[in-house]
Amino acid sequence: TLSLADFSVTQDGGGFDYDATYEGSTDGTYDFTLDTADDGVTDAADPTDTASVLVDEAAPAVTVDAPTGGGLYRGGETVTVSWAATDNVSVTDDVIVEYSPDGGGSWQPVASGLANDGAYDWTVSDDDTTDALVRVRATDSSDNQGADESDAAFEIDSTAPTVSDLTASNPSGQTVAVSLNASEPLTDVSVTVTDTSVTVTDAASRTLTAADFAETGPGPYGY
């Protein structure tokens, strides 16, 4: 209970201002009711004269669930950024999603003003990087802000490999050697081989796949 001794008094024109400070011990809503306002003759207190204030120093707890690192994405594809954000009072519908191409050295806006529904479909930036991160920031009703980012970097590849020098040679007998060069390691290769020495109706063909090729490097990469 605050008493007269807790207030400072300042004369203000034809009246008086009474100001006091109350130190709370926990976050929460504090309600105040004027019980006594006595001038020594009459008591002007009105039990309906109340005030409330929210004390909240705790920031929201935010966890980025995806992408959390180690993935490989293509620039322009859609990736779902997912998160969880909780607060002791409430998280406002002003969640912010950001993206870093350089391991957190700089951040670019992706979306803001999002509802705290835990998911946003992000069109991946057209970058080439192995140090990409996503960060989610959430704010509560007292403007406390919490944030989290991807646990580890993920990769974005927006540039197709350059392929050149497709050659075929006959080192001996019926053996045909096929080779090509690529600017980066390939995860899939297919080359159609057609025997044009036979008639069209009987043409024999097959496909060479990645399993048929040996990779030499370290770049350009030969197959």
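# Working chat: strands, rings and cores

Trainee: S82, buried or exposed?

Mentor: Buried, at 17% relative accessibility. The cut-offs are under 20% relative accessible area for buried, over 50% for exposed and partly exposed in between, using a 1.4 Å probe and protein chains only. Keep in mind that this is a predicted model, where local features need pLDDT of at least 70 and side-chain atom pairs need 80 or more, while totals for chains, interfaces and linings use all residues. Residues are numbered from 1 along each chain as its sequence is written, and side-chain values use heavy atoms, with hydrogens and water left out.

Trainee: Where is S82 found, and what does S82 touch?

Mentor: S82 is found in strand β7. Strands here are DSSP runs of E with at least two residues, helices are runs of H or I with at least four, and both are numbered from the N terminus. Not counting residues up to four places away in sequence, S82 touches T63, V64, D65, A66, G118 and A119. A contact means heavy atoms within 4.5 Å.

Trainee: Which strands make a sheet with β7?

Mentor: The order is β5-β7-β10, an open sheet of three strands with antiparallel pairing. Two strands pair if DSSP finds at least two bridges between them. β5 and β10 are the edge strands, each pairing on one side only. From one strand to the next, the twist averages 30 degrees; that angle is taken between N-to-C directions, from 0 to 180 degrees, with axes as lines fitted to C-alpha atoms, for helices over the stretch in contact.

Trainee: How many bridges join β5 to β7?

Mentor: Five. To pick out one residue pair, V64 has W83 in β7 as its bridge partner.

Trainee: OK, new topic. What's in the largest nonpolar core?

Mentor: That core has 20 residues, and V81, W83, V97, W122, V136 and I156 have the most contacts inside it. Two or more residues come from each of β5 (61-66), β7 (78-86), β8 (95-100), β9 (108-114), β11 (129-139) and β13. A nonpolar core here is a set of buried Ala, Val, Leu, Ile, Met, Phe, Trp, Tyr and Cys residues joined through side-chain atoms within 4.5 Å. As background, nonpolar side chains in soluble globular proteins tend to be buried together.

Trainee: What is V81 in contact with?

Mentor: Leaving aside neighbours within four places in sequence, V81 is in contact with A66, P67, V97, G118, A119, Y120, W122, V134 and V136. Apart from the largest core lies another one, of five residues, among them L180, V189, L208 and F213.

Trainee: How many aromatic pairs are there?

Mentor: Six. Rings of Phe, Tyr and Trp (its six-membered ring) pair if their centres lie within 6.5 Å; planes under 30 degrees apart count as stacked, over 60 as edge-to-face and the rest as tilted. One pair is W122 with F154, edge-to-face at 6.4 Å centre to centre, with 75 degrees between the planes.

Trainee: Where do W122 and F154 lie?

Mentor: W122 is in strand β10 (residues 119-123) and F154 in strand β13 (residues 154-157), so this pair links distant parts of the chain, 32 residues apart. Both count as buried, with W122 at 4% relative accessible area and F154 at 1%. Y73, Y99, W122 and F154 form one aromatic cluster.

Trainee: What lies over the face of W107?

Mentor: R135, at 4.2 Å from the ring centre. The rule for a charge over a ring is NZ of Lys or CZ of Arg within 6 Å of the ring centre and within 35 degrees of the ring normal.

Trainee: Switching to backbone. Which peptide bond is cis?

Mentor: The one from A66 to P67, with omega near -10 degrees. P67 is in the loop between β5 and β6 (72-74). Generally, most peptide bonds are trans, and most residues other than glycine have a negative phi.

Trainee: And what about phi at D143 and D165?

Mentor: D143 has a positive phi of about 65 degrees although it is not a glycine. D143 lies in the loop between β11 and β12 (145-149) and is exposed, with a relative accessible area of 65%. For D165, phi is near 55 degrees, and D165 lies in strand β14 (residues 163-172).

Trainee: What does β14 pair with?

Mentor: Strand β15 (residues 175-182), in the antiparallel sense over six bridges. S164 stands opposite N181 in β15. β14 and β15 form a hairpin with two residues between them, and G173 in the turn has a positive phi of about 50 degrees.
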